[in-house]
Amino acid sequence: MAARRLPRSFFLRPTPEVARALLGQRLVHEQRIGGRVQRIAGIITETEAYCGETDLACHARAGRTKRTEPLYGPPGFTYVYFTYGNHWLLNFVTQPEGVPHAVLIRAVQPVEGLELIARRRKGRPARIWTDGPGKLAQAFGITGEHNRLSLTAPEAIIFVERGQPIQDALVRSGPRVGLGATPEPWLSKPWRYLATLPQNKEEITR
DNA sequence: ATGTTGATTGGCT
DNA sequence: GCCAATCAACATT
């Protein structure tokens, strides 16, 4: 029995709500490698909400540019960008077309495609394979070519399957990470969400 | 265990 | 020219 994929409407709620609701869901990448489809999946354990032009931590603070264009598109699409000269970061666009919000996927717990993940994260211990946004993109083989892809189209290769809901007692929220000189109140908005899964206790203190 | 720093490239001012 | 929604290596406690 095929797992149910999250529909477009999932991404049409307030962005912090979407970020919270993504915890426990299953991120899937079905990638064609050498003629056959390789499936990689992980349970989402950490997210952050970025909330439009007025949120001075959000890329949309720069307005509509070539880079931020996907944020202005319809919900349920990827926004993948490159940063620090090294890393790709995966986001899901939320809110109606024209409203530039997104959720950054910061960490997952790998559950399928472990051999391929191990190869891509060669030499590192499994506990740090996918515990950061750049790391999970590397592990999942996500790059700029995966920008602006639909998560909900029948032919989608990156999508989210419904998983076990995470109860509030196992969810923590706090300020977003890596924002540098972002002014208040944006610097302290509690828009980072972390799930404490059984094998995920180390995420809390990271 | 915790803190500091260099790497490295594209986007934007 | 500046800086970035990070990572990993290395130093220090």
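A polar contact here is a pair of N or O atoms within 3.5 Å. Keep that cut-off in mind for the notes below, and remember that this is a predicted model.

1. Start with Ala 57, since the cut-off matters there. One of its backbone N or O atoms sits 3.4 Å from a base nitrogen of DNA strand C. The pair therefore falls within the 3.5 Å limit.

2. Two other contacts with DNA strand C come out at 2.8 Å. For His 87, a polar side-chain atom is 2.8 Å from a base oxygen of the strand. For Gly 134, a polar backbone atom is 2.8 Å from a phosphate oxygen.

3. Who else is around the strand? There are 19 residues around DNA strand C, and His 59, Tyr 81, His 87, Asn 91 and Gly 134 come nearest. By class, that surface has nine nonpolar, six polar and four charged residues. As for elements, β4 (87-94), β5 (101-112) and α3 (133-140) each give at least two residues to it.

4. On the DNA side, look at the atoms of strand C within 4 Å of the protein: 55% are sugar or phosphate, and the rest belong to bases.

5. Now the cysteines. How many disulfides does the structure hold? Zero. Cys 51 is in none, and its nearest cysteine sulfur, in Cys 58, is 7.3 Å away. Seen from Cys 58, the closest cysteine sulfur is that of Cys 51, and 7.3 Å is too far for a bond, because a disulfide needs the two sulfur atoms within 2.5 Å.

6. Are these two cysteines buried or exposed? Cys 51 counts as buried at 10% relative accessibility, and Cys 58 is buried too, at 2%.

Methods. Residues are numbered from 1 along each chain as its sequence is written. Chains are lettered from A and ligands numbered from 1 in the order in which they are written. This is a predicted model: local features need pLDDT of at least 70, side-chain atom pairs count only at pLDDT 80 or more; totals for chains, interfaces and linings use all residues. Side-chain values use heavy atoms; hydrogens and water are left out. Buried means under 20% relative accessible area, exposed over 50%, partly exposed in between (1.4 Å probe, protein chains only). A residue is near a molecule or strand if one of its heavy atoms lies within 4 Å of it. A polar contact is a pair of N or O atoms within 3.5 Å; within protein, one must be able to donate a hydrogen and the other to accept it, and residues adjacent in sequence count only if both atoms are side-chain atoms. Helices (H or I, at least four residues) and strands (E, at least two) are DSSP runs, numbered from the N terminus. Ala, Val, Leu, Ile, Met, Phe, Trp, Tyr, Cys and Pro count as nonpolar, Asp, Glu, Lys and Arg as charged, and the others, Gly among them, as polar.
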